[in-house]
Amino acid sequence: MTASKGKTMSAHCCHHDTPSAESIANLARYRRILWIALVINSAMFLVEIGAGLQSGSLSLLADAVDFAGDALNYGGVAGGAGFGAGLLPLPSLGAGR
């Protein structure tokens, strides 16, 4: 998409720098928030799967699948946050065989 004076549309918004992982002072707080979101999404998945199966509602089942996807995403991010910040060693994937 062309914008005025040769600038892209994204050049006109969000004038801030994204902080690096090393600059985040309270990584434990962010990980705790992600784990809370994971637990809530997992609970909602179970509730909606049960309600969807009991009522025969495809809408509830579809929403439950969305909650499951969110929970998997949060779990992957929360689990991987320790690796990205250097708190946990990266596993060797077949090295040294």
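## Exercises on helix H1 and its contacts

Asn-41 is buried, at a relative accessible area of 9% (buried is under 20%, exposed over 50%, partly exposed in between, with a 1.4 Å probe and protein chains only). Keep in mind that this is a predicted model, where local features need pLDDT of at least 70, side-chain atom pairs need 80 or more, and totals for chains, interfaces and linings use all residues. Numbering runs from 1 along each chain as its sequence is written, and side-chain values use heavy atoms, without hydrogens or water.

**Exercise 1.** Work out which residues Asn-41 is in contact with, leaving aside neighbours within four places in sequence.

*Solution.* Start with the location: Asn-41 sits in helix H1 (helices are DSSP runs of H or I with at least four residues, strands are runs of E with at least two, and both are numbered from the N terminus). Next, apply the contact cut-off, heavy atoms within 4.5 Å. That gives Phe-67, Asp-70, Ala-71 and Tyr-74 as the partners of Asn-41.

**Exercise 2.** Find out how far apart the C-alpha atoms of Ser-42 and Phe-67 are, and classify Ser-42 as buried, partly exposed or exposed.

*Solution.* Ser-42 is also part of helix H1. Along the chain, Ser-42 and Phe-67 are 25 residues apart, and their C-alpha atoms are separated by 6.9 Å. Ser-42 counts as partly exposed because its relative accessibility is 29%.

**Exercise 3.** Describe the surroundings of Glu-48, including any salt bridge.

*Solution.* First, place Glu-48: it belongs to helix H1, which covers residues 27-55. Then check burial and charge: Glu-48 is buried and has no salt bridge (a side-chain nitrogen of Lys or Arg within 4 Å of a carboxyl oxygen of Asp or Glu). The nearest side chain of opposite charge, Arg-32, is 25 Å away (Lys and Arg count as positive, Asp and Glu as negative, with His and the chain ends not counted). Now look for touching residues: beyond four places in sequence, these are Leu-60, Asp-63, Ala-64 and Phe-67. Finally, zoom in on Ala-64, whose backbone nitrogen lies 3.3 Å from a polar atom of the Glu-48 side chain.

**Exercise 4.** Step back to the whole chain and give its helix and strand counts, its buried share and its contact range.

*Solution.* Count the elements: two helices and zero strands. Of the 97 residues, 11% count as buried. Among contacts between residues at least 6 apart in sequence, 49% join residues at least 24 apart.

Technical notes:
A polar contact is a pair of N or O atoms within 3.5 Å; within protein, one must be able to donate a hydrogen and the other to accept it, and residues adjacent in sequence count only if both atoms are side-chain atoms.
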